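Here is a short report on the fold elements and selected contacts of one protein chain. Please look over the sequence and the structure before reading on.

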Amino acid sequence: MKPFMHLVAAAATVAFSTVLVAAPVAAAEAPDALVKRISNEVIDSVKADKDIQAGNRSKIMGLVNEKILPHVDAEKMTQQAAGRHWRSATPEQKQKLTKEFRDLLVYTYAGALSTIKNETVEFKPMRGSPTDSDVEVRSQVNVARGEPITLNYRLSNDKGSWKIYDVNVLGAWLVQTYTSTFNSEISKSGIDGLIKRLADRNAQLASKPLAAPAK
């Protein structure tokens, strides 16, 4: 998981709380325009702030919460990653699982924001139409060294607000990547076991500096 998460985060892409309300401007934006705006704002914020580049926890977490989370549907992501097990989970378990998965993603992306250097994002034609309920926004991250990184986003329209619910880096969708991990843990120790594992991991990450991507 480390290389995958590093590529996503280092490219200043959008990370993934229970259903959050997007900023008012998001409802009027086309999905591709929304993703482009967020990407540019995050990259510009990191490049302009030496404290963030140095791993300042408070500023990095603030950037994630302000610029990224309002545009992510973590509940939908968690539901898809849990698959059939989601239906048998209690409302309390769903709430806890979504929170822990959200927190894990926050730590992962926050920890990698300080690695942004000279990356730029080039957007490709979107798959789907702004009038559809589900689209795929495609982009390419240009790095100083190495080949460009393919980076695509899945968004759904919920009551006029576009939310990101999956990200694809180099052909691997984030939700699908976590599905096998979730299924394996649930099979061994149930949904509560998965919640505990994520909570333990988050507690571990909370005690570490944010200067490097989460493993």
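## The sheet

Strand β4 covers residues 161-169 and is joined to β5 by two bridges. The two strands run antiparallel. In this pairing, N168 has W173 of β5 as its bridge partner. The model is a predicted one.

β4 and β5 belong to an open sheet of five strands. The order is β1-β2-β3-β4-β5, and the pairing is antiparallel. β1 (120-123) and β5 (172-173) stand at the edges. Each has a single partner strand, so one side of each is left without a neighbour in the sheet. Strands of a sheet pair through backbone hydrogen bonds, in either a parallel or an antiparallel way.

## Two residues in the strands

S139 is found in strand β2. Is S139 buried or exposed? Its relative accessibility is 2%, so S139 counts as buried; the cut-off for buried is under 20%. A polar atom of the S139 side chain lies 2.7 Å from the backbone oxygen of L151. Leaving out residues up to four places away in sequence, S139 touches V121, E122, F123 and K124. On the same count, S139 also touches I149, T150, L151, N152 and Y153.

K163 lies in strand β4. This lysine counts as buried because its relative accessibility is 5%. K163 and A74 are 89 residues apart in sequence. In space, their C-alpha atoms are 9.2 Å apart.

## Helix α3 across the sheet

Helix α3 spans residues 31-48. It lies across β1, β2 (134-142), β3 (149-158) and β4. Relative to β3, α3 runs at about 125°.

What span should α3 have at 1.5 Å a residue? For its 18 residues the expected value is 26 Å. The end C-alpha atoms are 26 Å apart, which agrees. The buried residues of α3 are P31, L34, V35, I38, S39, V42, I43 and V46. Seen down the axis, these residues fall within an arc of 150°, so they line one face of the helix. The face turned away from this buried side carries D44 and A48, which are exposed.

## Helix α5

Helix α5 comprises 12 residues, 57-68. At 1.5 Å a residue it should span 16 Å, and its end C-alpha atoms are 16 Å apart, which agrees. Buried in α5 are I60, M61, L63, V64, K67 and I68. They cover an arc of only 155° around the axis, which puts them on the same side of α5. S58 and E66 are exposed, on the face turned away from the buried side.

S58 also takes part in a contact at the start of α5. There, a side-chain oxygen of N56 reaches to within 3.2 Å of the backbone nitrogen of S58.

## K67, from α5 to α3

K67 has its place in helix α5 and is one of the buried residues there. Which residues does K67 touch, not counting those up to four places away in sequence? They are I38, E41, V42 and S45. I38 and V42 are among the buried residues of α3.

The K67 side chain makes a polar contact with the side chain of E41, at 3.4 Å. K67 and I38 are 29 residues apart in sequence. Their C-alpha atoms are 6.6 Å apart in space.

Note on methods:
Residues are numbered from 1 along each chain as its sequence is written. This is a predicted model: local features need pLDDT of at least 70, side-chain atom pairs count only at pLDDT 80 or more; totals for chains, interfaces and linings use all residues. Side-chain values use heavy atoms; hydrogens and water are left out. Helices (H or I, at least four residues) and strands (E, at least two) are DSSP runs, numbered from the N terminus. The expected span of a helix is 1.5 Å times one less than its number of residues. Buried means under 20% relative accessible area, exposed over 50%, partly exposed in between (1.4 Å probe, protein chains only). The arc is that of the directions from the helix axis to the C-beta atoms. A polar contact is a pair of N or O atoms within 3.5 Å; within protein, one must be able to donate a hydrogen and the other to accept it, and residues adjacent in sequence count only if both atoms are side-chain atoms. Contact means heavy atoms within 4.5 Å. Two strands pair if DSSP finds at least two bridges between them. Axes are lines fitted to C-alpha atoms, for helices over the stretch in contact, and angles run from 0 to 180 degrees between N-to-C directions.
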